[in-house]
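I am opening a new page for a structure that I have not looked at before. My plan is to take a few features in turn and to write down only what I can look up.

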Amino acid sequence: MATGAKRPKVDYGSEMNPLQNFLQWCNTVGLRLSHKVCVSKEGTVAEYGMLAKDNIEEGEVLFTVPRSAVLHQETTKVSAMLEKEKSSLESSSGWVPLLLALLYEYTSSQSQWKPYLSLWVNFKTLDHPMFWSKEERDGLLRGTGIPEAVETDLANIQREYTNVVLPFIRKHPDLWNPGTHTMELYTQLVAFVMAYSFQEPQEEEDDDKDEEEEEDEEKTPYKLMMVPMADMLNHVSNHNAILEFTLDSLKMVCVRPIHKGEEVFNTYGQLANWQLLHMYGFTEPHQSNSNDTVDIPIINLYKVATQGVQSDLAQQLVEEKWEMLLELMQEKATFVFGKQGCLTDTELRSVLKVLCMSEEEFSEFKDHEGWEEDEEEDISLAFSYEGLPGLNASWKWLIHEAARLTASSYGDWEEGGSAPEGLSSRQQRALQVRCGQRSILHRLMELTKS
């Protein structure tokens, strides 16, 4: 890694608290913070956050992070090693090089990023559901889709560490140590990356790439990085700042006026509460999260379609339709409903159309290997909350019953829409996910009732 001009040595001693240490380091590495903002634990929604010390106008830059202060596999001290052996570090996540960089930098007393990484003493503030017990996940988050997502994550992490990371670590004992760089620490760093990393989109440079380069770009369309200061900002869907990428630096820019005393919020994307809890370990109040969603599994539509089937012949027809649908989409496919309607309307319409076909229509459908698109129909409007009551009766019945079946999967852990006093923080977050999803399902059932 190029060192550039030597910076004066700074003693990041124990006299200062971790935040003071970090802010002094920011000055040292050229990270410029506007005098109109400050970092604090007081007056913020969670842990560290950024507050406005003065009124801030749209377009003002809140802070600027030089590229040299950003931590990723190309800036770490072990970047040459990671680049040299990148072919052995390939994995389904694509995160291994960054995670190996973090394993090294987090445990190195000489790390350039020590004051930054020291803000997370032992990652105990990370409370993703992956750190909950299985019993707690299954009990509090049943029906939300989170337990299944976490089980997949944990299996992937174990496989990635065992098959890719551990052999690499053992191959380089001068830089990594299995006794220090354990799977437990690796899992914590995965959660750290999930919660605090940023993705920079990678643009195409020219048309002279060979096929192999194009395939690599398809696998990793973005660069994953840790951005000091930017990860201090908390998230709300109605955010007031956004991170912009430039050639030499990254800048946090105000996107709407912020009044003195207000918290500065970034956005992590248009994320439902179940995604926020799964990936970041927190939730928004479900009433104010405009991006909240609920998934209705396709299997629930199939179960509803088989209800009340009177004959073996009718049952056989439903089975044939189901087999054909599984050729078009996975058995674990879901239909996503948000606060304005269905977000997967094209797929839902296709499934409803097949399930409601008569034997003659289905036979013709198979003969033509599908159907031509109905250009005159506005699908997004038809499956919005304004359009749902106007769907034909059989489609509405399938949606209504599938929503009811999905709602029943949550169990009876909670009732009502607000968290009663005395609940733990995990219970309160689980409550926000479940209540938000149930409220969408109840509205869906109301709009599709006979």
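Which residue is the bridge partner of N234 in β10? I looked this up before anything else, keeping in mind that the model is predicted, and I found that N234 is matched with F265 in β10.

Entry on the mixed sheet. I followed the pairing outward from that bridge and noted that β7 and β10, the latter covering residues 263–266, pair in the parallel sense over two bridges. They belong to an open sheet of four strands, which I read in the order β2-β3-β10-β7 and whose pairing is mixed. At its edges I marked β2 (37–40) and β7 (234–235), each of which pairs on one side only. As a reminder to myself, strands of a sheet pair through backbone hydrogen bonds, and this can be either parallel or antiparallel.

Entry on the antiparallel sheet. I then turned to another open sheet of four strands, with the order β1-β4-β9-β8, and recorded its pairing as antiparallel. Here the edge strands are β1 (32–33) and β8 (241–245), and each pairs on one side only. I checked how β1 is held to β4 (residues 61–66) and counted two bridges between these strands, which run antiparallel. On looking for the partner of L33 in β4, I came to F63.

Entry on the cavity. Rolling a probe the size of a water molecule over the atoms shows where empty space is left. How many cavities of 30 Å³ or more does the count give? I noted one cavity of 30 Å³ or more, and for the largest cavity I wrote down about 40 Å³ of space. Its lining, as I listed it, is made up of I296, L301, F335, F337, L348, I399 and A402. When I sorted the lining by class, I had seven nonpolar residues, no polar ones and no charged ones. I also asked which elements contribute to this lining, and found that β12 (334–337) and α15 (393–408) each supply at least two residues.

Entry on E361. My last look-up was a single residue, E361, which I placed in helix α13 (residues 359–367). Is E361 buried, exposed or partly exposed? I put it down as partly exposed, because its relative accessibility is 45%, which falls between the cut-offs of 20% and 50%. I also noted that a polar atom of the E361 side chain lies 2.9 Å from the backbone nitrogen of S358.

Technical notes
Residues numbered from 1 in each chain as written. Predicted model: local features only at pLDDT ≥ 70, side-chain atom pairs only at ≥ 80, totals over all residues. Heavy atoms only, no water. 1 Å grid on protein atoms, 1.4 Å probe; cavity = no way out; pocket = protein on both sides within 12 Å on 5 of 7 lines; lining within 4 Å. Points joined across faces, edges and corners; volume = space filled by probe spheres on them. Nonpolar A, V, L, I, M, F, W, Y, C, P; charged D, E, K, R; others polar. Pairing = 2+ DSSP bridges. Buried < 20%, exposed > 50% of the residue type's maximum accessible area, 1.4 Å probe, protein only. Polar contact = N/O pair within 3.5 Å; in protein donor to acceptor, adjacent residues only side chain to side chain.
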